[in-house]
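Biologist: I am new to this structure and would like a close look at a single part of it, the enclosed empty space inside. Please take me through that space and what surrounds it.

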Amino acid sequence: MPRSPLIPEARELFALQRALGLRHAADALFPSGRVRFRVLDGLHVPGRTSRWSRVDHLVLARARDGWRGRTDVEAATVDLLFTHYARILDSHPLALRRVVLYELLHLLRTGSQAPTADDVTSLGVDTWEAEALAHATAHEPHPTADRREAAEEIVDAWRAGRIRRAFDCAVRLGEPGRDAGLSRLVLDIADQDSRLDALLARAAELEDARDPDAAAALYLEAARAAVDDSTAVAGLLRTAADPDPARRPTAVPVGGGVRVQWPGDGPHRVLRRRGAAGPWMLLAVRAPGPAFTDADVTPGETVQYVVLPVQGHELDGPALLGAPVRYAPEVENVRVQEARDRVSVIWRTPPAALAVQVERLEARGGSFRVAVDGNGFDDRPVPPGEHRYLIRCRYRLPDGGETLSDGVVARAAVPWWPAPVTRLFVTTGPRPGRIAVGWDGAEGSQVRLYDKPLPAAGLDLPVRELPDPLEWETTALPHGVELLPPRRGMRFRLTAVSVIEERATTGASVVVELTAPVRNFRVRRVAAEQVRVTFEWPERADRVELRWTQSGAQARRIITRAAYRRSALEFAVTTAPADFHIEPVPPDADVVIAAAPASFRLPADLTVTYDVRKPSWWSGAKRRITVRADCAPADLRDVVLPDVVLVARPGVGPPGSDPPRPRSPWDGTTLLRLSGSELGIGRLVPRDIEVTLGGAGPPYALRVFLLGPGAESVRLIEPPWERLVVR
């Protein structure tokens, strides 16, 4: 009878069987529950006829499908169990039979009495084999829990290279009896165990002879052969030399422990000792690499690590010893930001730290303590230049004392920031249509002007965050610049920004109003003492101011846009000459650059009166025109009389209708033209004319027009309409 199943993962297999309620592996072949099998001459189950069928993969597949059809078991457990059976069957045709016999042995020997044939058949064995199996079982030693554990573990230990554990299992199993497979395995284990003892003895001799390199080679060979040999590993650790710096593992305190790193990304075994001569403790049998974090450390203690490369389950190289390190984690993710006369630093504090201490290291030696606020600090005022800050964490020791970490150094370079523009001056520029801009402050800086929104004055910011500067035509002045605005009638905010390299500082800002000029300004008399004012309303203006001076007296009037659009602008004046000026009333602004006011000179009231009469009742088409120019009291040297032009136009309507009046000096035939010098002031000037218009017959319409300088300022007084028609 087999005293060991001699299969890998035996304990996992038996656990799966118990999960399905199976007594042994043969039960799994009968999902319906009617168990009947033979096992002495191979594992057989009843076939479709009266013949027995050897258990093969087809039998396993049918049994697995039967279990899958049941609703009281988990399909995943069934699949995993039958995967084990298939692997066992692949390893040897009789391997599954061996497992069943091993299980039957333990089931039949649970009590103190020898098993009977009925006991055997109750487990599903065919009655044909029951007597023989009961007899064979009765002559086997009584299995104990210790023996069963050793029997089911020995193969796994051997395959994993745990030779010492496998040898221990063989010792606990005792004599293998007539189990040939177990006997061969026990002999192999014993041979390997003896070889290990010899290797370790020779390595110890070399170590005593102060040949650590040769001893390390033998310790490594022993450790490769037996992964669980603590003597070999201890020898490797004792003979471990300080490796080449390129291959030396590093240990860095971090927030969650000590992070051990080694070159390359292969798996390594990791051990640690506390202090300089403490015992080595295994932390990881096979750390995947290239790093491992040891969380079982206490702040303030010194630890040392050694790593051993692993290939499969075996060590693959000598021990690599790292330098001792004191566990006092530093702050992490340190970020530095420099600004004008200020350094700001933030970090992530390790969870175990009591507090963080910061000192600014002076260039001439010494230090200056900096107040810490949570996970950072804000140090100001700080002069421009290079600065270093030592950041250390404070920890509580097991004895109640405190210790500081070695610290990390944060470096900051405080740049020279530009001085802001403190005041802006905006005035009318030297050239027409331009404005001049000057400023105070910004010593040693370039000044840029912006008409776009910017932060409040005094803010430091990178140049890349500024909008595009003013794009107006710019000319340098001795103490500023001259700008050409794109148009008049606009309002804008002008902001100065001082710049040094890639750093900028916002400065003073002013609101500038550029008023638009008043165009096409005219003043004319509609009566001797009544004038009408016309002009184009200036852009963006809500009100305009009209001022005039007449006979030494001054007057003004504020006109709103609505009022101007609602009705004509007429008001009373005297007949004397007057000077008129008009300009927009500027809105509230820091600076107003007003356009020049529009002006108009209204002369004294000047009239031209004319009349047209027949010289006598038999005159026919002849007419006498009299013209008289009169002027209000004024300096006649300033009076300029226009030319008088008489125009005639023939009728175009049916007979008896009035002819149309001429609409302009060019809307008809000129019959008479008198110059201003011919008129004079206060003199009646008569002229006789023959009203003939070539082939056109009467009726004719006559009309006088004034042409030349000052014509628009002269009032023309016309006779009644009937005297202007020639029939």
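Modeller: What follows describes the cavities, then one residue in a helix of the lining, then a pair of helices. The model is a predicted one. Rolling a probe the size of a water molecule over the atoms shows where empty space is left.

In this model there are 3 cavities of 30 Å³ or more. The largest cavity has a volume of about 140 Å³. It is lined by 15 residues, and those closest to its centre are Arg3, Pro141, Pro143, Arg147 and Leu173. Two elements give two or more residues each to this lining: helix H4, which covers 95-108, and helix H7, which covers 145-159. The largest share comes from H7, with 3 residues. Sorted by class, the lining of the largest cavity is made up of 7 nonpolar, 3 polar and 5 charged residues.

The second largest cavity has a volume of about 50 Å³. Its lining includes Gly489, then Glu513, Leu514, Thr515 and Ala516. Glu539, Arg540 and Ala541 also line the second largest cavity, as do Pro584, Val585, Pro586 and Pro587. By class, this second lining has 7 nonpolar, 2 polar and 3 charged residues.

Helix H7, which gives the largest share of the lining of the largest cavity, also holds Glu153. Is this residue buried or exposed? Glu153 has a relative accessibility of 5%, so it counts as buried; the cut-off for buried is under 20%. Apart from neighbours within four places in sequence, Glu153 is in contact with Arg11, Arg162, Arg165, Cys169 and Arg172.

A pair of helices completes the account. Helix H2 takes in residues 57-68 and helix H3 residues 75-91; their axes come within 10 Å and cross at roughly 170 degrees. Angles over 145 degrees count as roughly antiparallel, and H2 and H3 are therefore roughly antiparallel to each other. On the H2 side, the residues that meet H3 are His57, Leu60, Ala63, Arg64, Trp67 and Arg68. On the H3 side, the residues that meet H2 are Val78, Asp79, Phe82, Tyr85, Ala86, Leu89 and Asp90. Taken by class, the residues of this contact divide into 8 nonpolar, 1 polar and 4 charged.

Technical notes
Residues are numbered from 1 along each chain as its sequence is written. This is a predicted model: local features need pLDDT of at least 70, side-chain atom pairs count only at pLDDT 80 or more; totals for chains, interfaces and linings use all residues. Side-chain values use heavy atoms; hydrogens and water are left out. On a 1 Å grid over the protein atoms alone, a cavity is a set of points where a 1.4 Å probe fits but cannot get out, and a pocket is an open set with protein on both sides within 12 Å along at least five of seven lines; lining residues have an atom within 4 Å of a point. Grid points are joined across faces, edges and corners, and a volume is the space filled by probe spheres set on the points. Helices (H or I, at least four residues) and strands (E, at least two) are DSSP runs, numbered from the N terminus. Ala, Val, Leu, Ile, Met, Phe, Trp, Tyr, Cys and Pro count as nonpolar, Asp, Glu, Lys and Arg as charged, and the others, Gly among them, as polar. Buried means under 20% relative accessible area, exposed over 50%, partly exposed in between (1.4 Å probe, protein chains only). Contact means heavy atoms within 4.5 Å. Axes are lines fitted to C-alpha atoms, for helices over the stretch in contact, and angles run from 0 to 180 degrees between N-to-C directions. Angles under 35 degrees count as roughly parallel, over 145 as roughly antiparallel, 65 to 115 as roughly perpendicular and the rest as oblique.
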